Every structure is written in structure tokens, then in C-alpha cells.
Amino acid sequence: MDVAVLTYADLPELDAFDAPLLPALKALGLDARPVVWDDPTVDFRTVRMAVVRTTWDSHLRRDTFVAWAQKVGRLTKLHNPADVLRWNTHKFYLRELEAKGIPVTPTVWVERGGTLDIGALVKSRGWDAVVLKPAVSAGALKTHILPRAEAAAATQLVTELAAECEFMVQPYLTAFETEGERSYISFDGAFSHAVRRPPTLKSAPRGFAQPTVFTPDNRDESLLAERVLEAIGQPLLYARVDVATDNEGVSRLQEVEVTEPSLFLSLDPEAPGRLARAIAARL
């Protein structure tokens with residue numbers, strides 16, 4: 001097999017957004033197939049390259065996933081590489097990027113076993129509501145939004161959640177209700193396409209409403225996406241930089257997804273070919 005396109009057991013044939021990658025690779029003469037990442041019958045020594053795509057249970061078993069990536073990375077070419085996957089699957093990476101000058105949504109970090117007085121925090125910061133989120137999570141797992149009036153309950157919740165893992169506390173951005181987020185997607189360091197992800201719908205798959213491709217017209221925001229990739233400091237096969245507007249009207253990094261983000265390939269007819277060519281160039 002030339003390319004193992006990695007997914008997870010509940011999605012063995014990839015999702016609709018990523019499925020166009022397979023025919024795009026085939027058009028280049030490559031044997032590419034979806035492979036469940038933790039399938040014990042797969043011998044990665046017989047695979048020329050493994051590309052992480054819809055491994056959407058990896059956050060539930062991060063240690064297992066990281067150890068698997070390190071092993072597979074020794075057997076074949078793995079993209080993105082194991083060290084990048086380890087770094088990106090714990091949201092402390094945001095702290096590193098902020099230290100490099102990237103404007104990140106203001107975040108207070110709570111270490112495992114710690115606590116935080118949310119009442120004092122929202123008073124000092126002027127926040128009207130807070131978002132509580134584990135440092136290892138995806139798809140809004142164990143994410144809570146609480147208004148300022150429920151600060152005491154939020155403090156108790158932080159203590160309970162931090163007993164299990166590191167946590168992050170951020171202001172709730174009201175722009176999520178009107179603008180949603182913008183995702184800037186790059187392949188091999190070159191911009192491919194941008195996707196607008198409308199306000200969240202709880203009933204929607206993966207927690208977002210139907211996204212649409214758009215032509216970036218905010219130069220500052222485009223530059224922010226470029227700066228994020230530069231700050232990571234190594235060329236990546238794929239990357240998605242998620243940006244949102246804060247409560248002061250400033251564009252800020254929400255997350256940089258370089259593990260298993262949806263790349264919305266089906267929304268741009270040229271995107272599958274771009275990614276396929278980037279993969280072929282690394283074989």
C-alpha cells in the first residue's frame with residue numbers, strides 16, 4: 001500500500017469531507033486506502049506512508065495514541081509526525097504559542113489537582129461568562145459554559161474537573177453566536193482554502209453547522225494564520241488554524257489543528273488534489 005489514510009473504528013470509510021482524498025490519490029497512481037489506526041492486523045512496515053485523518057477517538061486514549069504514533073513513525077513515514085501529534089493533542093501548546101507572540105484567546109490554566117476562584121477571576125477580568133475545557137479534549141467533550149452569576153458553581157466544577165486532568169478557563173466569546181469561527185487550511189505550508197464555520201448547532205455533526213468556503217478578505221487574520229504556522233517551526237503536511245473574534249473585536253487564535261482536523265476537502269474542488277500532491281511529494 002502506498003498511503004494508509006488513517007481513521008477510527010466508528011468511521012472506517014472516512015467522513016464525507018475527507019472521502020475525496022482517496023480518488024485524488026488514485027488519480028496520481030497511488031494505492032491509498034482507509035485504515036483504522038489501531039487495527040492490530042495492520043503491518044505498517046508494508047505501508048509507504050500513513051496520513052492521520054479522522055482518528056476521532058484519539059483524545060479518549062491520548063497516551064495510547066501517542067505511543068502508537070511513536071511506534072508507527074519508526075516503521076513508516078507518518079504525517080503529521082509523532083512529535084507533532086504529541087504536542088498538539090494537549091492544549092498546553094497554546095501557552096507555548098502565546099509565549100511566541102501569537103494572540104490567543106485569554107486563558108487561565110489550572111493544573112491537575114488545582115482549583116481556581118472563578119468569582120475573583122471574572123471580577124478582575126470583566127468576563128460575563130466563562131468556558132471550562134479540559135487540556136485534552138475534542139468535540140466539546142467535558143466543555144462547560146457558565147455565566148458570571150454562576151461563578152460559585154463554576155469554581156466547584158473546576159475543582160471537580162481538575163481532579164482528573166489539566167484544565168483551561170477562557171472568556172466566552174459572544175461572536176460564536178453570530179460569526180462562528182474561520183478555519184485557514186494549509187498543505188505543506190502553503191495556503192489551500194478557508195472555511196467559515198457558522199454558529200454552533202448542538203444537533204450538528206462534530207458540533208458545527210454547515211461550513212462554507214470563503215475568500216479571505218481580512219489581511220490581519222490571514223497573517224495571523226501564517227504566523228501560527230511559522231511559530232510551530234516545522235513544515236507540516238496539513239494544518240488548520242481556527243480563528244474567532246474576541247469580545248473586543250480582535251481576531252484571536254482558538255486552536256491550531258494538526259492532528260485530526262476536518263479539512264473540508266469536499267467544499268473546494270481543488271483541495272483534494274492539492275493535498276494528494278503534497279502527500280505524493282513526501283513519498
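These exercises work through a predicted model of one protein.

Local features here need pLDDT of at least 70, side-chain atom pairs count only at pLDDT 80 or more, and totals for chains, interfaces and linings use all residues. Residues are numbered from 1 along each chain as its sequence is written, and side-chain values use heavy atoms, with hydrogens and water left out.

**Exercise 1. Overall build**

Task: State how many helices and strands the protein has, and compare its radius of gyration with that of a compact globule.

Solution:
- Start with the elements. The protein has eight helices and 13 strands. These are DSSP runs: helices are H or I with at least four residues, strands are E with at least two, numbered from the N terminus.
- Apply the globule rule. It is 2.2 Å times the number of residues to the power 0.38, and the radius is taken over C-alpha atoms.
- Compare. For 283 residues a compact globule would have a radius near 19 Å; the protein has 19 Å, so the two agree.
- Add the box. Along the principal axes, the C-alpha atoms fill roughly 60 × 40 × 35 Å.

**Exercise 2. Residue E255**

Task: Place E255 in its element, decide whether E255 is buried or exposed, and list what E255 touches.

Solution:
- Locate. E255 lies in strand β13, residues 251-257.
- Classify. Buried means under 20% relative accessible area, exposed over 50%, partly exposed in between (1.4 Å probe, protein chains only). E255 has 16% relative accessibility, so E255 counts as buried. Of the 283 residues, 54% count as buried.
- List contacts (heavy atoms within 4.5 Å). Leaving out residues up to four places away in sequence, E255 touches K91, Y93, L94, K133, R240, V241 and D242.
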